[in-house]
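Subject: Structure handover

Hello,

Here is the structure for you to take over. My notes on it follow below.

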Amino acid sequence: MSEHTKKKDNLSRNAAIYTIGNFFNQATAILASPIFTRLLSTHEYGHVTVYTTWVGFFTIFTSLELDGSLANAYIDYGERKYKAYAKSCISLSTFTTFLLILVSILFQKEMETIFDLSYGLLMVAILHSFFNGNILYLTRYLSLLKKALPYVLISFGQLILNIFLSIIFIVYSDWNPAISRIYGQFLASAILGIIVLIMFLWNKEKIIDIRYFRYGILLSIPLIFHAIGGIILSGSDKLMLSRLADNSMTGLYSFSVTVTSVIYVVSTSFNVAWVPYLYEMLKKQQTVKLLERTKRYLGCYTFVSCGFLLVMPEAVKILASKSYWDCIPLVIPLTVGEFFRFIYFFPVNYEFYNKKNQWIALATTVTGIINVVLNFLWIPSWGMYGAALATLISYILCFVFHEIVVRRFIGGFYVKAKLYVKYMLILVLTSIVSWMFLDSIMLRWMAACVYGGILLKRILKDKELF
């Protein structure tokens, strides 16, 4: 077997492990959804969602988005110094978490007012974000070492602990069900997050290395703004629904986002496996082979998304009680939005490779602001449908912005624009069919089987996922 074939096999193998493992994780989370949708009212579900959104926001500042610099550090420093770089970064993250806690203590009332959280819950959210950042850091670290199986096992361990502890707290504690769910999530992250911290700090490398600090901060500063924009883009809809509508509608919308996260898991799993391969091919300037692989990569994701759109209504009805079924139509525009978030990875990964992170920050910040404006205009009139449409439009604009950047300001981008158009049309037409025939189970499932057959035939022919 040639060296190139081995590399291809490793890519397909890792992509399969990431995807199957993360699918299993997501399937476990979704199969647990009927438990939580029955233990929590839509109002309580919405309350947990708002808290989780703030945890994601705090994670930006506790982690400083330093995990985003790992790929470049791996290339620039090599595997030998990679461990030392990682230790320096996680120690810097620990220091910033202490600073954020200090700020919260000194400005307690102001922080409570801004984030609409009690002081105790605010402190829990900050610590929760730190532990989540540690776990994310470890999984990113392992992915660049192409250790797919440990990556998946860690993610699965956190999920199982999260579900188990949440159920125990909801059933056996005297706390409010929403608070019980929050504490279950927090404790699961704390257990693993502390283990990760000890693991990184235990080795003999220096805890403080100014050279690594400088390198990481220069790369991560634009990513902090990118992440803030991302939170605004993906979280403002839930927060604004809770303010402009009510927590019950937020709960319905949040559940539709949970269902759509199945397809998000596919995109992120593929991307985790794809990035090391992409960087290697770009470094070797093997763009012809890379483009051929990209065609199969994009095609594989599109067919999976189409299949998901067609079978999704029945999945929702199985997973949730009838009070949640009103969210089914929402999943369609949210899934189309996820498609644009997936193809946005192509120009964004190219920007990361060329260390043009400032464009990433600018694009996400601008589209995040646009998302807030659209939510403000549409939620009062259209409720959760306005939020879903605002999210879709924002992801489209974000993709277009990055395409302009890589083609006009960076240059040398390897993906042809017509490749996107082909698969966009397939997905959009499928979403229309799914919308028009929501009540026709047989027609949708037959179409899903056709997509599945085409994809399976291609995989068997090429003997690889993509």
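Let me start with a cysteine. Cys300 is buried, with a relative accessible area of 2%. This is a predicted model, so take every value here as computed from it. Which cysteine sulfur is closest to that of Cys300? It belongs to Cys306, and the gap is 12 Å. That is too far for a bond. The cut-off for a disulfide is 2.5 Å between the sulfur atoms, so this pair does not qualify. Seen from the other side, Cys306 is in no disulfide either, and its nearest cysteine sulfur is that of Cys300. Cys306 is buried too, with a relative accessible area of 0%. The count for the structure comes to 0 disulfides.

Next, the core. The largest nonpolar core has 135 residues. Which of them touch the most other members? They are Ile343, Phe346 and Tyr414. Helix H11, residues 328-353, gives the most to this core, with 16 residues. Take Ile343 as an example. Setting aside neighbours within four places in sequence, Ile343 is in contact with Leu298, Phe399, Tyr420 and Met424.

Now the cavities. The structure holds 2 of them at 30 Å³ or more. I looked at the second largest, which has about 50 Å³ of space. Its lining consists of Ser63, Leu66, Asp67, Cys89, Ile90, Ser93, Gly133, Asn134 and Tyr137. By class, that lining has 4 nonpolar, 4 polar and 1 charged residues. Which helices each supply at least two residues of the lining? Helix H3 (70-106) and helix H5 (119-144) do.

Two backbone angles deserve a look. Most residues other than glycine have a negative phi. Glu65 has a positive phi of about 55°, although it is not a glycine. Glu65 is found in the loop between helix H2 (42-63) and H3. Is Glu65 buried or exposed? At 16% relative accessibility, Glu65 counts as buried, because the cut-off is under 20%. The other case is Gln285, with a positive phi near 60°. Gln285 is not a glycine either. It is found in the loop between helix H9 (247-283) and helix H10 (287-319). At 68% relative accessibility, Gln285 counts as exposed.

Two helix residues remain.

- Thr391 is found in helix H13, residues 384-410. It is buried, with a relative accessible area of 6%. Beyond its neighbours within four places in sequence, Thr391 is in contact with Asp237, Tyr253, Leu334 and Asn371. Thr391 and Leu374 are 17 residues apart in sequence. In space they are 8.6 Å apart, C-alpha to C-alpha.

- Gly229 has its place in helix H8, residues 210-244. At 1% relative accessibility, Gly229 counts as buried. Not counting residues up to four places away in sequence, it touches Thr364, Thr365 and Gly368. Gly229 and Val400 are 171 residues apart in sequence. Their C-alpha atoms are 16 Å apart in space.

Over to you.

Best regards

Note on methods: Residues numbered from 1 in each chain as written. Predicted model: local features only at pLDDT ≥ 70, side-chain atom pairs only at ≥ 80, totals over all residues. Heavy atoms only, no water. 1 Å grid on protein atoms, 1.4 Å probe; cavity = no way out; pocket = protein on both sides within 12 Å on 5 of 7 lines; lining within 4 Å. Points joined across faces, edges and corners; volume = space filled by probe spheres on them. Helix = DSSP H or I, 4+ residues; strand = E, 2+ residues; numbered from the N terminus. Nonpolar A, V, L, I, M, F, W, Y, C, P; charged D, E, K, R; others polar. Core = buried A, V, L, I, M, F, W, Y, C linked by side-chain atoms within 4.5 Å. Buried < 20%, exposed > 50% of the residue type's maximum accessible area, 1.4 Å probe, protein only. Contact = heavy atoms within 4.5 Å.
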